[in-house]
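Some words used for protein structures rest on a fixed rule. The turns below ask how such words apply here.

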Amino acid sequence: MTALRPGGRPSPSMPVGIGVRGRPVLRTAFGVLLVFWILVPLVPLVLWSVAGLWQVPAVLPGTYSLDAFAVLAVPGTLAAALSSLLLGGTVAVIATPLGLMGALAAQALPGRCGRAVDLILLLPLAVPPFALVMGANITLLRLHVPAFAGVVLLLVVVALPYTTFMFRSALATYEQRFEDVALTLGADPRQVLRHVRAPLLSAATVRAFFLAFLVGWGDYITTLLVGGGQLTTLPMLLGSAAASTGNEQLVAVLSLAVIIPPVLILAAVALPATIRTRARKPARTPAGTWVRALTRKAGL
Amino acid sequence: MNIPITGSRPHQADPHSPAPSSRQDLTPDRYAARGAPGAVTLRGVVLAVPAVVPVALVIGVSVVGALAQSLGLMPFIGEPVLSTDAWAGSAGDLGRSVLVSAYIAVASTVASVIVGFVIALYVLATPRMGRIIAGLSAATIPIPHLIGAGAIGLLLSDSGFLDRTLGLPPAFPTLVGGSWFGAVIFEYAWKESAFVALVLIGSMSRSVSGMCDAAATLGATAWQRIIHVVLPLSRPALAVSALIVFVYTFGSYEAAWLLGPTSPEPVSVRAVRLFGSVDLAARPEAMATALVSLGAGIVAILAGLAMMRRSRGLR
């Protein structure tokens with residue numbers, strides 16, 4: 001910090017944090033601009049999904065209709081949605097515990113070994129998914145690995161950096177002392193696992209599971225190249241609709257069908273936490289409560 | 001949020017570090033269970049194997065398979081014949097594709113880092129409106145790039161939503177399918193700026209407020225606080241997220257395929273087109289392209305990490 005005004009006087013309305021002092025109108029206008037940046041690409045998507053007839057120079061659709069949503073009730077679309085759900089779920093169920101194990105291993109192993117585990121588990125980030133699939137594809141074919149299993153295997157590898165990273169950052173701020181206090185107070189290892197470690201890592205587990213689910217749910221290129229048309233998921237339907245022109249309604253409705261479920265899950269997970277924070281109650285983790293109760297019982 | 005850069009392990013509760021005072025009351029057998037300091041414990045190895053083996057195996061098989069196929073040693077059908085045609089014969093096209101991908105990745109990274117920084121700054125500086133923007137921005141992260149590309153197509157194509165609302169002049173450059181990859185870069189900037197903002201907010205939210213308060217008390221203007229406090233604090237997170245965005249956009253397929261022109265092709269589009277070609281002789285070229293993009297990603301990561309390490313050393 002170099003050029004501070006000597007004698008710069010803290011005014012009574014001293015801002016908090018970065019607190020840009022500028023006129024509130026200007027600040028709000030800038031905020032609106034950012035909201036605009038985030039939401040504008042989604043506006044045509046929503047409009048096209050409910051558009052009946054929307055001819056070229058018209059800014060808004062001439063007629064509105066929900067007919068395009070009928071495609072979601074077609075058996076083919078439902079099957080594709082089910083495949084996507086199954087793919088996302090399977091990838092998440094496998095990649096989440098593996099991520100936790102990898103993160104714990106990286107922490108437990110000393111120096112160079114720990115760093116090697118970290119490096120290997122981050123390596124898939126450096127490999128473009130299409131390159132990973134292309135090289136592995138012929139081996140998968142020769143070993144007669146079914147398309148679904150092949151896609152799951154590759155996507156688990158793609159998802160592992162994310163799940164490992166989630167657990168790594170949770171473990172980095174993990175309060176070992178909670179476990180130690182519980183042990184000191186006479187808890188056996190199983191109780192520690194159930195009442196201390198599991199609750200403390202639950203938020204990271206949810207986040208890791210969500211990210212891994214998204215890898216499978218929204219995947220296009222791996223399913224395309226390995227599935228070879230045998231595995232039809234929602235993104236596959238969307239990709240073929242978007243590649244040709246004149247399918248605006250279909251693209252819009254399928255896009256919403258892919259976007260909305262994860263956003264709802266995200267809101268369901270994030271909103272309660274936000275509300276809790278806003279209520280400004282002291283953070284009471286289940287583990288903290290349990291340790292406090294034990295402390296009281298022990299008369300400490 | 002701590003960003004562990006390939007193994008730098010910041011202040012975590014390391015079971016092998018000298019015990020702080022609160023741990024001295026542990027029973028001796030609990031210590032024994034944690035293993036001697038610095039030893040490779042059985043528990044560590046058992047935990048590592050299920051995660052490390054699939055990753056190492058799949059990447060190993062993939063790289064070896066791609067290399068063998070690019071040299072004609074693992075043909076789809078027929079006898080293996082060693083040949084470097086896939087590398088030598090198309091070196092010019094391959095080089096052009098690498099340049100196109102590098103251009104897209106650089107432009108997208110610069111745009112998303114700038115926009116992401118501005119979003120993070122606004123979120124940290126403006127409590128109420130900032131929370132709304134943080135929520136909206138985070139909500140775009142689960143949107144797959146394929147959907148982002150479809151949406152940007154509806155927005156930016158000729159006769160797209162932007163053209164309808166603003167009535168763009170005919171001289172306005174073509175964004176979707178244009179030779180400058182405008183729509184592709186816009187899509188990456190839109191999606192990845194939200195990612196950059198999320199990483200920045202997570203890494204700075206705890207430290208930045210107090211330091212800015214201190215700077216403000218000393219008389220720093222808002223601009224000085226941004227330049228001398230926020231920017232230095234955000235540098236590690238900015239560097240890591242920029243590196244991730246660069247590597248990702250370099251090898252990403254969906255947006256480049258849907259929104260880019262048919263020629264010139266970025267590496268991903270070229271590789272997938274050759275891979276799906278009815279001409280099986282195109283396979284080795286597809287593999288060479290895949291390997292080149294993998295190599296470029298690794299070079300970018302190593303260069304980025306070296307730059308980060310050097311800048312940390314200079315400070």
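The bend at a residue is the angle between two axes, one fitted to the seven residues ending there and the other to the seven starting there. The model discussed here is predicted.

Q: What is the bend of α8(A) at A:S202?
A: The axes on either side of A:S202 give a bend of about 45° in α8(A).

Q: How do you know that helix α8 (residues 189-217) of chain A is not as long as a straight helix of 29 residues would be?
A: At 1.5 Å a residue, a straight helix of that length would span 42 Å, whereas the end C-alpha atoms of helix α8 of chain A span only 37 Å.

Q: Why is helix α10 (residues 234-243) of chain A called largely enclosed?
A: A residue counts as buried if 20 or more other C-beta atoms lie within 10 Å of its own. Eight of the ten residues of this helix are buried, so the rest of the structure largely encloses helix α10 of chain A. Among the buried residues of α10(A) are A:L234, A:M236 and A:G239.

Q: What makes up chain B?
A: Chain B has 13 helices and zero strands. Of its 315 residues, 44% are buried.

Q: Which residues form the contact, and how many come from each chain?
A: Chain B gives 102 residues and chain A gives 100 residues. On the side of chain B that touches chain A, helix α2 (residues 42-70) of chain B supplies the largest share, 18 residues. That side divides into 65 nonpolar, 29 polar and eight charged residues.

How values were computed
Residues are numbered from 1 along each chain as its sequence is written. Chains are lettered from A and ligands numbered from 1 in the order in which they are written. This is a predicted model: local features need pLDDT of at least 70, side-chain atom pairs count only at pLDDT 80 or more; totals for chains, interfaces and linings use all residues. Two residues are in contact if their C-beta atoms, placed from the backbone, lie within 7 Å. Helices (H or I, at least four residues) and strands (E, at least two) are DSSP runs, numbered from the N terminus. Ala, Val, Leu, Ile, Met, Phe, Trp, Tyr, Cys and Pro count as nonpolar, Asp, Glu, Lys and Arg as charged, and the others, Gly among them, as polar. A residue is buried if 20 or more other C-beta atoms lie within 10 Å of its own, exposed if 12 or fewer, and partly exposed in between; C-beta atoms are placed from the backbone. The expected span of a helix is 1.5 Å times one less than its number of residues.
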